[in-house]
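Let's take a walk through this one, starting with the open spaces and working inward. Keep the viewer handy as you read.

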Amino acid sequence: MTETWATYGADLHLDLSSVTAGERGLRAALTESLRDAARSGRLAPGTRLPSARTFAADLGIARNTVAEAYAELVAEGWLTARQGSGTRVAERATPRRAAHPPAPVRRPARRGPAYSLVPGAPDVGAFPRTAWLAAARRALTDAPNEAFGYGDARGRIELREALAGYLARARGVYADPDRIVLCAGFVHAARLLAAVLRGRRVREMAVEGYSLDLHRDLFTGAGLRTRPLWVDDSGARTPDLPRLGPRVGAVLLTPAHQFPTGAALTPERRAAAVDWARTTGGLVLEDDYDGEFRYDRQPVGALQGLDPDRVVYLGTASKSLAPGLRIGWMVVPPDLMEEVLAAKGPAEWTSSALEQLTLAEFLTSGAYDRHVRAMRLRYRRRRDELLAALGGRVPVSGIAAGLHAVLDLPPDAERSIIQAAAWQSLALEGLGRFRHPETEMPVRDALVVGYGTPADSAWTPTLAALTAVLP
């Protein structure tokens, strides 16, 4: 007899396992356990206890045993009993503090930069809270009971169907709902794919020579060597893939808006990537991280549309809505689905079903399209204000789409400008951070400026801090 759950009043956990048989022993043990709980504060003053009848039934003992224990504690002042109010833990005076209490330990406050132009994040202050809440209410009202279970490992069918329609319409993706696997963002998807590649005995993969170090490190940590491709104004040099050798079994690309240089992969290089995958049996992993945001060019469709059987399409809601939602998706070739699901596990456990249902409602109601259009205008305005503030002082590239721009600098100036920015309490990233350690590309000094990151209230002083440190 170790615990009980009351049906009325407070839930109580009492350890009576060592009590000897007999009502007298039970009453003494119950009295002492309740007294200790009140004395230690585990039962807070004012807590209502179960009735003697309910508590006795839960414990499997006589009602009189509980009533006598309550009466003894009332007499001692630990409990109070009033008609209509039940039995409660008595209010007690707070013990006086020592005349000279020890001084509290004061930890120095951690202060980060006042301003940030670090790339890779949207303006989370623009998250559409009102529209999202309305969608969540509709989704919760219409949710089937089984949505609250463990669910399909691929994710909620409502969201997979909504994504299939949206991706086909907006990104040119061939996306049957049965080929979509929901995940908790790009990193989660990449971990699953790394496991699949390892299971296929792939030991090397190609990445862009300038790319996000976090993603490279993820695959390296999974036991895959990453081989760099040169990147220029036409994107990654995918015609070089065959020269990397037969051990390379996959390539990770950002074709719509290369990160971080901002180049779009040309049609010829798109075709070269797909041809390589068909010839070798390799896979193209397409990271479409900010494909919705384009300004001065026609939309660039997804590479996956060229060959849905050789390209794994990866997208998330992190840039279009907010990374805190932890919702991403993969459109998986048919012969890869079983391996991806085996890596993920038998049930959906990474993303809340309610968030998935809400996003499905957000997509099907048109609220997502309206939000993306509004954010496209917002980010274009910021880009234009950035260019105006720079006034032609440095060459700027990669600005036709996305949420960041590349500011080219004089040779050997990158490190000193980042240090000067730190003195201005401005966080900046240099292009050098994203350079693959094995690449033979010429060194390029530049800043990667994320103009989507600052809140509206910080935008003007952030621009001022940036212009103050530029040559």
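The second largest pocket has a volume of about 260 Å³. Keep in mind that this is a predicted model. Lining that pocket are 14 residues, and the ones nearest its centre are Val231, Asp232, Asp233, Thr261 and Arg444. By class, the lining splits into 6 nonpolar, 3 polar and 5 charged residues.

Now move over to the largest pocket, which comes in at about 570 Å³. Its lining counts 29 residues, and Gly120, Leu212, His215, Asp287 and Lys319 sit nearest the centre. If you colour by secondary structure, the elements that give two or more residues to this lining are helix H6 (186–199), strand S5 (204–208), helix H7 (213–221), strand S9 (248–253) and strand S11 (311–316). Here the class split is 15 nonpolar, 8 polar and 6 charged.

So much for the open spaces; what about the closed ones? Rolling a probe the size of a water molecule over the atoms shows where empty space is left. In this structure, 3 cavities reach 30 Å³ or more. The largest cavity holds about 60 Å³ of space. Its walls are made by Tyr166, Leu167, Arg171, Asp288, Tyr289, Glu292, Tyr313, Gly315, Thr316, Ser320 and Trp329. Helix H5 (157–171) and S11 are the elements that give two or more residues to that lining. Sorted by class, you get 5 nonpolar, 3 polar and 3 charged residues.

The second largest cavity has a volume of about 40 Å³. Around it you'll find Pro119, Gly120, Ala121, Tyr289, Asp290, Lys319, Leu403 and His404. That lining divides into 4 nonpolar, 2 polar and 2 charged residues. A few names come back as you click around. Tyr289 is in the lining of the largest cavity and also in that of the second largest cavity. Gly120 and Lys319 line the second largest cavity, and both are also among the residues nearest the centre of the largest pocket.

From empty space, let's turn to the packed parts. In soluble globular proteins, nonpolar side chains tend to be buried together. The largest nonpolar core in this model has 57 residues, and Trp329, Leu359 and Leu466 have the most contacts inside it. Helix H11 (residues 367–390) supplies the largest share of this core, with 7 residues. A second, separate core of 27 residues includes Ala189, Leu197, Met337 and Val340. Leucine 359 is a good spot to zoom in on: apart from residues up to four places away in sequence, leucine 359 touches Trp132, Leu159, Leu321, Ile327, Trp329 and Tyr368. Trp329 pulls double duty here, being one of the residues with the most contacts inside the largest core and one of those lining the largest cavity.

Next stop is histidine 436, in the loop between strand S16 (429–430) and strand S17 (446–450). Is this loop residue buried or exposed? Histidine 436 has a relative accessible area of just 3%, so it counts as buried. Its side chain makes a polar contact with the side chain of threonine 226, at 2.9 Å, and also reaches the backbone nitrogen of glutamate 438 at 3.0 Å. Setting aside neighbours within four places in sequence, histidine 436 is in contact with Val207, Gly209, Arg216, Thr226, Arg227 and Pro228.

For a contrast, look at another loop residue, glycine 223, which sits between H7 and strand S6 (225–229). Glycine 223 has a relative accessible area of 35%, so it is classed as partly exposed. Beyond its neighbours within four places in sequence, glycine 223 is in contact with Arg198 and Arg203. The C-alpha atoms of glycine 223 and leucine 197 are separated by 9.9 Å, with the two residues 26 apart along the chain.

Finally, head toward the N-terminal helices. Leucine 43 is in the loop between helix H1 (23–40) and helix H2 (52–59). With 8% relative accessibility, leucine 43 counts as buried, because the cut-off is under 20%. Leucine 43 and valine 89 are 46 residues apart in sequence, yet their C-alpha atoms are 7.1 Å apart in space. Just along the chain, the buried residues of H2 are Ala52, Thr54, Phe55, Ala56 and Leu59. After H2 comes glycine 60, which has a positive phi, near 75°.

Notes
Residues are numbered from 1 along each chain as its sequence is written. This is a predicted model: local features need pLDDT of at least 70, side-chain atom pairs count only at pLDDT 80 or more; totals for chains, interfaces and linings use all residues. Side-chain values use heavy atoms; hydrogens and water are left out. Helices (H or I, at least four residues) and strands (E, at least two) are DSSP runs, numbered from the N terminus. Buried means under 20% relative accessible area, exposed over 50%, partly exposed in between (1.4 Å probe, protein chains only). A polar contact is a pair of N or O atoms within 3.5 Å; within protein, one must be able to donate a hydrogen and the other to accept it, and residues adjacent in sequence count only if both atoms are side-chain atoms. Contact means heavy atoms within 4.5 Å. On a 1 Å grid over the protein atoms alone, a cavity is a set of points where a 1.4 Å probe fits but cannot get out, and a pocket is an open set with protein on both sides within 12 Å along at least five of seven lines; lining residues have an atom within 4 Å of a point. Grid points are joined across faces, edges and corners, and a volume is the space filled by probe spheres set on the points. Ala, Val, Leu, Ile, Met, Phe, Trp, Tyr, Cys and Pro count as nonpolar, Asp, Glu, Lys and Arg as charged, and the others, Gly among them, as polar. A nonpolar core is a set of buried Ala, Val, Leu, Ile, Met, Phe, Trp, Tyr and Cys residues joined through side-chain atoms within 4.5 Å.
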